[in-house]
Amino acid sequence: MKPEQFDLAIIGAGPAGMAAALEARRQRLRTVVLDEQFQPGGQIWRNVEAVTTRRPQDLFLLGPDYADGYPIAQRFRTCGADYRPGARVWQIEIMPTARQAGAGASMAMPSSEALDTGPDDDPQVHVERRRTGADRHVCYTDARGAHRIATRHVLIATGAFERPMPVPGWTLPGVLTCGAAQVMLKTAGMVPRTPLVLAGAGPLVLLVAAQLLRAGVKPAAVIETVPAANYLRALARIGPALLAPGYISKGLSMIGALRRAGVPRFIGALDLRLEGAGRVESVLFRHRGTEHRLRAETVLLHQGVVPNASLWQSLGVDQTWDAVQCCFRPGVDAWGNSSVAGLLVAGDSAGIGGAEAALCAGELAALSIAWQQRRIGTEERDRRAKTVRRALRAHWSARPFLDRLYRPPQAMRVPPGDDTIVCRCEEVRAGELRELAARAVPGPNQMKAFSRCGMGPCQGRLCGLTVTELIAQTQRRDPGEVGYYRVRPPIVPVTVGEMAALQSGDER
Amino acid sequence: MFRSLRDEILLTVTLTVDGEPCTVPVDVSVAVALLQRGSIARTTARSGSARAPYCMMGVCFECLVEIDGVSNRQACMVMAEDGMAVRSQHGLPAGLLPAPAELP
């Protein structure tokens, strides 16, 4: 059975995905948007339509940045993109014909609409401007089963997830991420039970604390695990950040809210650990030489976000280690084109820049795709991109400050204690991994074979970066050279029955 | 682990978790029901330690539960429905524990 054909498949309906869809539709590209959530908005604007229309009183708790998502989601709904919620992509296939020129003969191109201005090579982009066929296949699963669609371009806009925070006791029930608490507030109007402790570092810690305060939930403490030296390193970069729209003032207002409410902040806390029998009961840490022990019913952890990279990593896209953000990012040009032809990455999935930057990046990616598919000329593309890039630069200018301020110290990225669980799924501890690393295990894949780290249900998402950095630290190598797990499809669970149905062509 | 901000929720669904009825707002995931009850999702196959929802966005796979007879479903990625039967999962059957490989 011939799969449905599209010009562009966008994976993810967060800021980058929605902005790309809006621009792609402006250029009349046949666009499908696959998103694993059930409403557009991504995690940042999760459930924004339902909150705005059904419980608008909660918009006050969540703040104006959240409410900003509603008009964008509304425009996205009506832009003409084929939006498929509840769709989890488990594989992208590059068909062999993709490597042959003119393979798109089977594609019915509306040639009268197609522009053909300007040269086919552009020194600024490393993509060939040629007509490629719909030879990238995207496999996904929804409530009805598995499906496969064919497309000329794929844009990965899968956003970010929270960096693993491997501290003793982080697997205990009652310990969640700050992001999880936000999901509870946004989707269910629910708040954590007290006593509540927030621990870690990053804008989200402050934001969640401020949102919960507005909801009438007062945290017992906010424990900040970045060293005081980070503040000095960040201050050196504050100049450009002051010019970036709103970032510093928002931070200060959240800190002000915590102070007014009398929530103690322990800055530069060390040796964080969580204890309890069967569920979390206490938070322990050291602050200015004093041991503290706080009782807690719920603990929220967070130390920044990292790209949700599984999909582009599964395609073997070139990646580099970002030593400031401590994560891998895909090698992409200024438009988001990756090393794999016809595959682009935009938004936080390509490196953390935040929602506003992701909106810009999504638009730029769509402009490049429209250009590659000859829907717009070089001049128009560049003219449109100029305004977008100016906005993008403004949002990026806050990053050097934020990235340095909230860069987790090494002890929070690679647990110094041997008993700390690194791989939550297979319960592999730091000591075992260090011992293997000291015995010259060459990389994460071999580490996996020997210890089962990264072999559990999460497929290494919550231990991958820790394992890379642990090997790098033990063997005194660069994390970029150590590399990451080899990520293989299916990247989310799919049943054998669903795959078989797809092969035999009786899907739908 | 979590409580509702409001006493009265207009639209709800009722599912069962390990046989006990549990009422949650409409359009929330099964994991919301687990956090509202304060119950665990599963015990691990390796040590049998308890796990509950952690990331709420489909990344960590800690909230794997059995839903209407199908095991290993991510509770945070499945919407709660009226009459749904959710069961916590418990480890692996005895004798199936995986043995880690040995270094040569």
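Of the 104 residues in chain B, 43% are buried. The model is predicted, and this briefing covers the fold of chain B, the contact between chains B and A, and two features of chain A: a helix pair and a three-stranded sheet. Chain B contributes 37 residues to its contact with chain A, which contributes 38.

**Chain B**

- Chain B contains one helix and nine strands.
- Along the sequence, these elements of chain B occur in the pattern β-β-β-α-β-β-β-β-β-β.
- Among the contacts in chain B with a separation of 6 or more, 43% join residues 24 or more positions apart.

**Contact between chains B and A**

- In the contact between the chains, 37 residues of chain B meet 38 residues of chain A.
- On the side of chain B that touches chain A, the elements giving two or more residues are β1 (2–4), α1 (30–37) and β5 (50–51) of chain B.
- By class, the residues on this side of chain B comprise 25 nonpolar, six polar and six charged.
- Strand pairing also links the two chains: β9 of chain A (residues 190–192) runs antiparallel to β1(B), with three bridges between them.
- Within this pairing, F2(B) in β1(B) is the bridge partner of P192(A).

**Helix pair in chain A**

- Two packed helices are described by the angle between their axes and the distance between the axes.
- For helix α1 (residues 15–26) and helix α12 (residues 355–372) of chain A, the angle is about 35° and the axes lie 7 Å apart.
- The crossing of α1(A) and α12(A) is right-handed.
- From α1(A), the contributing residues are P15(A), A16(A), G17(A), M18(A), A19(A), A20(A), E23(A) and A24(A).
- The residues they meet in α12(A) include A355(A), A358(A), L359(A), G362(A), E363(A), L367(A) and I369(A).
- The contact of α1(A) with α12(A) divides into 15 nonpolar, two polar and two charged residues.

**Three-stranded sheet in chain A**

- Strands β13, β14 and β15 of chain A form an open sheet in the order β13-β14-β15, with antiparallel pairing.
- At the edges stand β13 (270–275) and β15 (290–295) of chain A, each of which pairs on one side only.
- From one strand to the next, the twist averages 15°.
- Six bridges join β14 (residues 282–287) of chain A to β15(A) in the antiparallel sense.
- Opposite S282(A) stands R295(A), a residue of β15(A).

Terms used. Residues numbered from 1 in each chain as written. Chains lettered and ligands numbered in written order. Predicted model: local features only at pLDDT ≥ 70, side-chain atom pairs only at ≥ 80, totals over all residues. Contact = placed C-beta atoms within 7 Å. Helix = DSSP H or I, 4+ residues; strand = E, 2+ residues; numbered from the N terminus. Nonpolar A, V, L, I, M, F, W, Y, C, P; charged D, E, K, R; others polar. Pairing = 2+ DSSP bridges. Axes fitted to C-alpha atoms, helices over the stretch in contact; angles between N-to-C directions. Left-handed = near helix turned anticlockwise from the far one by under 90°. Buried ≥ 20, exposed ≤ 12 C-beta atoms within 10 Å, placed from the backbone.
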